[in-house]
Amino acid sequence: MSFNVVNILVANKLKIYQWQEESVIYNSESGDMHLLLSFQAELLILILNGISKAQLIKKISENYQVDKEESEVFLDNLYLEYQKINLID
Amino acid sequence: MLDPVDSLKKINKDLKHSGVRFKTGPFNIAVTSNIPSVAKHIHHFYRHYQKITKADFVDFHVEVNSVGGYRRFYKPQVTFVFDGYEPFIPLPIEQAPAMFEWGLNWCVANVAHQYLIIHSAIIEKDGRGLILPGTPGSGKSTLCAALVNQGWRLLSDEMALLSITDGLVYPAPRPVSLKNKSIQIIKQFAPNAIFGDVVMDTLKGDISHMVAAKEAIVEQEVPVKPALLVFPHYQENSKKQLIVQKKSRALMALGEHAFNFNVLGDAGFDCMANLVEQVDCYDFTYSDLESALSGINSLV
């Protein structure tokens, strides 16, 4: 199997199938499916696992080769987007 | 099989009294009807199906009857009843055979949750299952009808029954439903194919059914391992394009075509993900039958 399955049962009932570039998330509470870039799905898993904001910013900065300020803006937008589609509270 | 020597007269009589009982794939069906065109339809399309006895468990008890009262004389109508429930509003009586078929589809889609049910045609060649999910107008039934006339085995033109336990697709072969221009296209493509009457002006347009090949009925209990998932898109005057689809995109698209994915929840999602992982996925745009068939046949 080339995919990786991640079950997240904390806060949300999410199941994630990760392929190399993209991931599909199923929210069993809403019944919705979401298509995300795999890196963004990875960030979602970290967020739901309670990793600190500083560590998330560092990860974004390293992945996209951008400075801290830009990474923070990216993360804030990501939070808003995930809240909008009920992936995080 | 329903006794081939059974005359239309006998089927008509049975339908009015004890009912006609037959098996299609995993489903046992008992139907009663007081409408002669339904008797004709069952005689024409189902007389080769395996007969079941009164002692056998029946999955779907259905009634296709004319509406009583003054309606019998003024714009007569037909109703479809499943276990005492009427899922549809009555339709003009000329549409009774089509309503019987739509009603059976409704029964399967709403009850058979031991399967992930995908709105798709499913056919097989050399042990490889080809799933063709599609919205109305995508051409899935037309492609299916043409391919079964080229030697592919029909499992269903309407629903793929994907087992959530073993990942195999189970057949439930029934007549292939064709609409509008597709009727003439397939009649020209396969002059030996056997059709029923054309039912005009239904909600879906003009409808005609094509008889399922006897081989499909004989092998109606033989499941198939899915190998190909092709999303067809008929687009007038378009150039043929067969594009490999990412597994993630195929999973999202499959979610749009699975009738009962939300009923099954996690198990349905797992089932779909495992399916896309084990098959080759394609997005297929075409404008004419000949190029469509060459595209599909290039995959096997």
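Two strands count as paired here if DSSP finds at least two bridges between them. Keep that in mind for a small piece of chain B in this predicted model: β13(B) and β14(B) form a hairpin, with 2 residues between them. The two strands run antiparallel and are joined by 2 bridges, with β14 covering residues 205–210 of chain B. If you want a spot to click on, B:Thr202 stands opposite B:Gly205 in β14(B).

That hairpin belongs to an open sheet of 3 strands in chain B, ordered β12-β14-β13 and paired antiparallel. The edges are β12 (176–179) and β13 (199–202) of chain B, each of which pairs on one side only. From one strand to the next, the twist averages 35 degrees. Helix α5 of chain B, residues 181–189, packs on the sheet and touches β12 and β14 of chain B. The direction of α5 makes about 115 degrees with that of β12(B). On the other side of β14(B) from the hairpin partner, so to speak, there is the pairing with β12(B), which is antiparallel over 4 bridges. In that pairing B:Lys179 stands opposite B:Ile207 of β14(B). As background, strands of a sheet pair through backbone hydrogen bonds, either parallel or antiparallel.

Now zoom out to chain B as a whole. The domain assignment splits chain B into domain 1 (8–111) and domain 2 (115–297). Taken over C-alpha atoms, the centres of these two domains of chain B are 25 Å apart. Where they touch, domain 1 of chain B puts in 17 residues and domain 2 of chain B puts in 21. On the domain 1 side of that contact, α2 (36–46) and α3 (96–111) of chain B each supply at least two residues. The largest share of that side comes from α3(B), with 6 residues. Sorted by class, the domain 1 side has 8 nonpolar, 7 polar and 2 charged residues.

What about the interior? Nonpolar side chains tend to be buried together in soluble globular proteins. In this model the largest nonpolar core has 100 residues. Those with the most contacts inside the core are B:Val64, B:Ile117, B:Ile123, B:Leu161, B:Met272 and B:Val276. Once again α3(B) shows up: it gives the most to this core, with 8 residues. The core draws at least three residues from each of domain 1 (8–111) and domain 2 (115–297) of chain B. For a close-up, pick B:Leu161. Leaving out residues up to four places away in sequence, B:Leu161 touches B:Ala112, B:Tyr115, B:Ile117, B:Val169, B:Tyr170 and B:Ala172. One of those neighbours, B:Ile117, is also on the list of residues with the most contacts inside the core.

Time to turn to chain A. Chain A has 3 helices and 4 strands, and from the N terminus on its elements run β-β-β-β-α-α-α. Buried residues make up 22% of the 89 residues in chain A. Among contacts in chain A between residues at least 6 apart in sequence, 27% join residues at least 24 apart.

Within the strand part of chain A, β3(A) and β4(A) run antiparallel and are joined by 6 bridges. The bridge partner of A:Glu22 is A:Leu37 in β4(A). The hairpin of β3(A) and β4(A) has 4 residues between the strands, and in it A:Gly31 takes a positive phi near 80 degrees.

Moving on to the helices, A:Phe39 lies in helix α1 of chain A, residues 38–48. Is A:Phe39 buried or partly exposed? A:Phe39 is partly exposed, because 15 other C-beta atoms lie within 10 Å, whereas a buried residue would need 20 or more. A:Phe39 and A:Asn4 are 35 residues apart in sequence and 13 Å apart in space, C-alpha to C-alpha.

Finally, the two chains meet. Their contact takes 14 residues from chain A and 12 residues from chain B. On the chain A side, β2 (14–18), β3 (22–27) and β4 (32–37) each supply at least two residues. The strand β3(A), already seen in the hairpin, gives the most to this side, with 4 residues. By class, the chain A side has 8 nonpolar, 4 polar and 2 charged residues.

Methods. Residues numbered from 1 in each chain as written. Chains lettered and ligands numbered in written order. Predicted model: local features only at pLDDT ≥ 70, side-chain atom pairs only at ≥ 80, totals over all residues. Domains from an automatic or database assignment. Contact = placed C-beta atoms within 7 Å. Nonpolar A, V, L, I, M, F, W, Y, C, P; charged D, E, K, R; others polar. Core = buried A, V, L, I, M, F, W, Y, C linked by C-beta atoms within 7 Å. Buried ≥ 20, exposed ≤ 12 C-beta atoms within 10 Å, placed from the backbone. Axes fitted to C-alpha atoms, helices over the stretch in contact; angles between N-to-C directions.
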